[in-house]
Amino acid sequence: MTTAQTQELDVQPTPLALLLLGREADPKSERGVECPGDLPSPSDPDLVERARAAKEKLGDKVFVLGHHYQRDEVIQFADVTGDSFKLARDAAARPQAEYIVFCGVHFMAESADILTGDDQKVVLPDLAAGCSMADMATAEQVAECWDVLTEAGIAEQVVPVSYMNSSADIKAFTGKHGGTICTSSNARRALDWAFEQGEKVLFLPDQHLGRNTAVRDMGMSLEDCVVYNPHKPNGGLTAGELRAAKMILWRGHCSVHGRFSLDSVNDVRERIPDVNVLVHPECRHEVVAAADYVGSTEYIIKTLEAAPAGSKWAIGTELNLVRRLANRFAPEGKEVVFLDRTVCFCSTMNRIDLPHLVWALESLAEGNLVNRIEVDKETESFAKLALERMLALP
């Protein structure tokens with residue numbers, strides 16, 4: 001961010017910035033987002049040396065995973081970086097590591113625990129690092145939804161498909177009811193498979209990824225989709241609406257990607273001639289429809305890698321990654337900017353800061369297991385079944 005942009009936002013560093021990740025709360029934001037604001041200054045330099053020393057002391061006993069949305073001071077200690085599913089698989093591929101330190105959010109650490117061995121221990125440096133989207137679907141709410149579908153006489157026709165960004169309980173529900181998990185990269189394949197198994201899909205918990213995949217990629221109409229609201233009786237839908245729908249979308253969304261609007265797209269096109277708009281499929285349908293390119297985090301990175309020098313890009317995803325990409329590709333003459341004027345970080349993701357990481361690593365180095373994420377065996381069994389169905393997708 002330039003000095004002028006910082007002054008425009010009137011951002012002043014405060015002692016609370018490390019926790020709040022933003023000076024003010026934007027009334028349009030939800031839990032998981034603080035706007036406007038900037039990332040806090042880097043932590044005490046001594047912490048860098050302490051993290052390095054603790055990691056060296058642990059050696060091969062520890063494997064540190066860093067999600068793309070983590071801040072740079074944390075990412076520097078990651079053995080691998082990636083999206084949530086890639087990192088969980090990377091953890092499973094390191095059976096010799098006694099400790100898996102996941103620099104991400106809670107559902108990601110759960111997935112790592114499900115896919116790793118019983119003798120491996122998954123640690124989340126800050127237990128408050130959650131995900132607002134995953135929290136929008138609880139096991140009780142989804143069970144009630146299934147009762148509604150049963151009463152409407154369609155449950156036997158419905159195949160649940162749950163996004164990777166969901167709790168272990170929701171993954172287990174999906175596995176128990178014959179469904180599969182998907183990522184933003186393979187949502188189309190997962191839906192194709194689901195419609196071979198049944199006539200309808202219950203898509204959890206991100207309505208935007210479900211709608212965008214069904215309409216943009218599979219040629220369905222918006223009328224084929226209905227939104228189930230767990231806070232309304234019967235999801236706010238009639239039995240007739242449920243019977244007519246092909247896609248039953250859970251009323252959930254990403255609090256960061258959901259902020260991007262059609263105005264954001266129009267504004268950046270006016271400000272930057274010949275800009276390419278590249279967004280994540282968790283964005284609203286009208287944003288995806290107006291974008292030039294749409295794809296997962298890995299797709300976004302690969303698209304920029306292949307882009308010609310001198311090209312201009314407005315990216316609709318989490319700001320930590322956008323900044324990292326802007327710095328990476330600037331020497332190649334590629335201009336990369338954040339799609340929205342308002343600066344928004346995922347504050348729950350960014351709770352994994354250097355102080356928490358140092359504390360976790362030093363505790364492990366001293367033989368003290370902290371903040372272990374452990375999924376119970378029954379939940380793990382059904383959740384793993386759903387994940388294995390995804391891995392078997394053609």
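Aspartate 267 and arginine 341 form a salt bridge, with their closest N and O atoms 3.1 Å apart. This contact links distant parts of the chain: aspartate 267 sits in helix α13 (residues 262–271), while arginine 341 belongs to the loop between β14 (335–338) and β15 (345–346), 74 residues apart. Aspartate 267 is partly exposed, with a relative accessible area of 23%, and arginine 341 is exposed at 52%. Keep in mind as you explore that this is a predicted model.

How many salt bridges does a search of the whole structure find? The search gives 18. Another of them brings together the side chains of arginine 328 and glutamate 305, at 2.7 Å from N to O. Arginine 328 lies in helix α16 (residues 319–329) and glutamate 305 in helix α15 (residues 297–306), so this pair ties together parts that are 23 residues apart in sequence. Arginine 328 is partly exposed at 42% relative accessible area, and glutamate 305 is partly exposed at 39%. Elsewhere, Lys61, Glu98 and Lys121 are joined into one network by salt bridges that share partners. You can also pick out arginine 216 and aspartate 217, whose side chains meet in a salt bridge of 3.1 Å, N to O. Here arginine 216 is partly exposed at 43%, and aspartate 217 is partly exposed at 32%.

Let's turn to the aromatic rings. The structure has four aromatic pairs. In one of them, the ring centres of tryptophan 146 and phenylalanine 173 are 5.6 Å apart and the planes stand at 80°; the pair is edge-to-face because that angle is over 60 degrees. Tryptophan 146 is in helix α8 (residues 139–151) and phenylalanine 173 in helix α9 (residues 168–176), so the pair ties together parts 27 residues apart in sequence. Tryptophan 146 is buried, at 13% relative accessible area, and phenylalanine 173 is buried too, at 11%.

A tilted aromatic pair is formed by tyrosine 293 and tryptophan 313, with 5.4 Å from centre to centre and 45° between the planes. Tyrosine 293 lies in strand β12 (residues 293–294) and tryptophan 313 in strand β13 (residues 312–316), 20 residues apart. Tyrosine 293 counts as partly exposed at 31% relative accessibility, whereas tryptophan 313 counts as buried at 4%.

Finally, look at the surface, where Glu140, Asp169, Asp376 and Glu378 form a negative patch. Aspartate 376 is in the loop between β16 (372–373) and α18 (377–391), and this residue is partly exposed, with a relative accessible area of 45%.

How values were computed: Residues numbered from 1 in each chain as written. Predicted model: local features only at pLDDT ≥ 70, side-chain atom pairs only at ≥ 80, totals over all residues. Heavy atoms only, no water. Patch = residues over 30% accessible without salt bridge, like charges linked within 9 Å, V, L, I, M, F, W, Y side chains within 5 Å. Areas by Shrake-Rupley, 256 points an atom, 1.4 Å probe, with all protein chains shown as cover. Salt bridge = Lys/Arg side-chain N within 4 Å of Asp/Glu carboxyl O. Lys, Arg positive; Asp, Glu negative; His and termini not counted. Charge placed at Lys NZ, Arg CZ, Asp CG, Glu CD. Helix = DSSP H or I, 4+ residues; strand = E, 2+ residues; numbered from the N terminus. Buried < 20%, exposed > 50% of the residue type's maximum accessible area, 1.4 Å probe, protein only. Phe/Tyr/Trp six-rings, centres within 6.5 Å; stacked < 30°, edge-to-face > 60°.
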